[in-house]
Amino acid sequence: MFRITLLFTISLVALSLANQDDYTGYKVYKILPKNEDELKTIQTLIKHPQVDVWTSSKLIGHPTVLMVPPTIDYQLRSLLRVNNLPYYTLIDDVQSTINNEKNEQATARRIFSDRSGRISFKQYERFDTITGYLRNLTNLYPNLVKLINIGKSYEGRDLEVLKISSGGNGNKPAIFVDGGIHAREWISPATVLYIINQLVENYSENSALTDNIDWYIIPVINPDGYEYTHTKSRFWRKTRSPNGSSCQGTDANRNFDFHWREVGASSNPCAEDFAGSKPFSENETVALSNFALTLKKNVKLYLTFHSYGQYILYPWGWTSALPDDVDELDTLGRNANTVSGYKYTVGSSTNVLYAAAGGSDDWFKGVAGVNLSYTIELPGGGLSGFDLPPSRIEEVVQDTYKMVKVFASYIEEKFVNN
Ligand code: 0X9
Ligand code: ZN
């Protein structure tokens, strides 16, 4: 433990490289813990302000993947060795994986770019295309969808929620879905777009779900970060607002006003899990939460999509204590998992991943009164995990939609049929 502390003190002094555009020489290590001691060391490692945690878990045998800048690489590897923690190098030079992914994206774009305002699910779409698609739907399906502006991102992009509702008076039990809180998790917006695509463009097959339930869906809640990962820095996670230091951005999923910054959230503006200067310091979290509060009584289920690791997580993220209705949360999560071709691990985020306060899932449950609240960590892919190849988007989003239908059927049974 002494060695760990010493190492941390040294690297805290080092200049942070969080504002990174070029990842030449960055390495990614994968650790598969075999026992409690190894898990303990991992819990300390992931708190390091310059280590970027790509996925991590408190469970034996579940991978922790860390990206490390060249400046601390030697120290980190010494630390892994001193603590007898077996690891392997997943990526030797992160920039080269980004270059590969750019080529894949360019090829997919050449083949599949469609100017008719549709989404192909064969490439990762840019924010303007996504917005264009949503607006197009309002023209094509005026009786089924409505676009609600809930505010603007820091850089001035429109934050728009698509309401999908058929039948009834638009005041039915509701499901709230969002994606793209974390900029680099590209499969999340794609998944949320597919949910929209199915509910709206495949209405004949899914009509029961929109006749009985109102849906409020926002595919990219952090558009500034999302665009930044497309144009500048592939592994950007946070928002893009200034935060009074040389670093930019806040981890929007640490910024919600519920047990804010109590645990697993940083006060260092350069850290990847910087919680913000205060709760709800970000335009994006303010817009989302204010809008959600206007729907309070109606929303029965909240689904927020992240990547990666194949986890279905429920509150709490701020404490290891379990909510009173854990049995219901757990059973529904497990039922959803049974229809997936992937194997998801189901549990409370503190007990399965790590403690981290200020997440949207905790806020929806603890403040907005949405008892059934889940963070879904979608499957990873490619080499980094975030670079799931465009050719696999369809398979993942279709699989996830099956799970969404299980969640929605439960809401129907519980709140509509009775
Ligand atoms: O750390 C996060 O925000 C989420 N994992 S990710 O790898 N996508 O960054 C998990 C959030 C779980 N929920 C809470 N901690 N409240
Ligand atoms: Zn995430």
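A residue counts as buried under 20% relative accessible area, as exposed over 50%, and as partly exposed in between, with a 1.4 Å probe and protein chains only. The model is predicted: local features need pLDDT of at least 70, side-chain atom pairs count only at pLDDT 80 or more, and totals for chains, interfaces and linings use all residues. Residues are numbered from 1 along each chain as its sequence is written, ligands are numbered from 1 in the order in which they are written, and side-chain values use heavy atoms, with hydrogens and water left out.

**Exercise 1. Classify Thr210 as buried or exposed, and place Thr210 in its helix.**

Step 1. Thr210 belongs to helix 7, residues 203–212; helices (H or I, at least four residues) and strands (E, at least two) are DSSP runs, numbered from the N terminus.
Step 2. Thr210 is buried because its relative accessibility is 0%.
Step 3. From the C-alpha atom of Thr210 to that of Tyr311, 101 residues away along the chain, the separation is 27 Å.

**Exercise 2. Which atoms coordinate the zinc ion (ligand 2)?**

Step 1. Donors are N, O and S atoms within 2.8 Å of the metal (3.2 Å for Na, K and Ca); water is not among the atoms, so sites may look incomplete.
Step 2. The coordinating atoms are ND1 of His182, ND1 of His306 and OE of Glu185, with Glu185 (OE) listed twice, at 2.0 to 2.3 Å.
Step 3. Along the sequence, the donor residues follow the spacing H-x2-E-x120-H.
Step 4. His182 is buried because its relative accessibility is 3%. Glu185 has a relative accessible area of 3%, so Glu185 is buried.

**Exercise 3. Describe the surroundings of ligand 1.**

Step 1. The shell holds 16 residues, and the closest are Arg237, Arg254, Tyr354, Asp361 and Glu377; a residue is near a molecule if one of its heavy atoms lies within 4 Å of it.
Step 2. Two arginines face oxygen atoms of the ligand: a polar side-chain atom of Arg237 is 2.6 Å from an oxygen atom of ligand 1, and a polar side-chain atom of Arg254 is 2.8 Å from an oxygen atom of ligand 1.
Step 3. On Glu377, a side-chain N or O atom is 2.7 Å from a nitrogen atom of ligand 1.
Step 4. Taken alone, ligand 1 exposes 420 Å², and the protein buries 98% of that. Such areas come from the Shrake-Rupley method with a 1.4 Å probe; for residues, only the protein chains shown count as cover.
Step 5. Strand 9 (299–307) and helix 12 (360–366) are the elements that give two or more residues to the shell around ligand 1.

**Exercise 4. How many residues of helix 2 are buried, and which are they?**

Step 1. Helix 2 spans residues 36–45 and is mostly covered, with 7 of its 10 residues buried.
Step 2. The buried residues are Glu38, Leu39, Thr41, Ile42, Gln43, Thr44 and Leu45.
Step 3. At the start of helix 2, a side-chain oxygen of Asn35 comes within 3.2 Å of the backbone nitrogen of Asp37.

**Exercise 5. With which side chain does the side chain of Thr285 make a polar contact?**

Step 1. Thr285 is in helix 9, residues 283–294, and is buried because its relative accessible area is 2%.
Step 2. A polar contact is a pair of N or O atoms within 3.5 Å; within protein, one must be able to donate a hydrogen and the other to accept it, and residues adjacent in sequence count only if both atoms are side-chain atoms.
Step 3. The partner is the side chain of Asn255, at 2.8 Å.

**Exercise 6. Which peptide bonds are cis, and which residues other than glycine have a positive phi?**

Step 1. Most residues other than glycine have a negative phi, and most peptide bonds are trans.
Step 2. The peptide bond from Ser307 to Tyr308 is cis, with omega near 5 degrees; Tyr308 lies in the loop between strand 9 and strand 10 (311–314).
Step 3. The bond from Pro315 to Trp316 is also cis, with omega near 10 degrees. Trp316 is in the loop between strand 10 and helix 10 (326–338).
Step 4. Asn84 has a positive phi of about 60 degrees. Asn84 is in the loop between helix 3 (70–82) and strand 4 (87–91) and counts as exposed because its relative accessibility is 63%.
Step 5. Phe121 has a positive phi of about 60 degrees. Phe121 lies in the loop between helix 4 and helix 5, and its relative accessibility of 5% is why Phe121 counts as buried.
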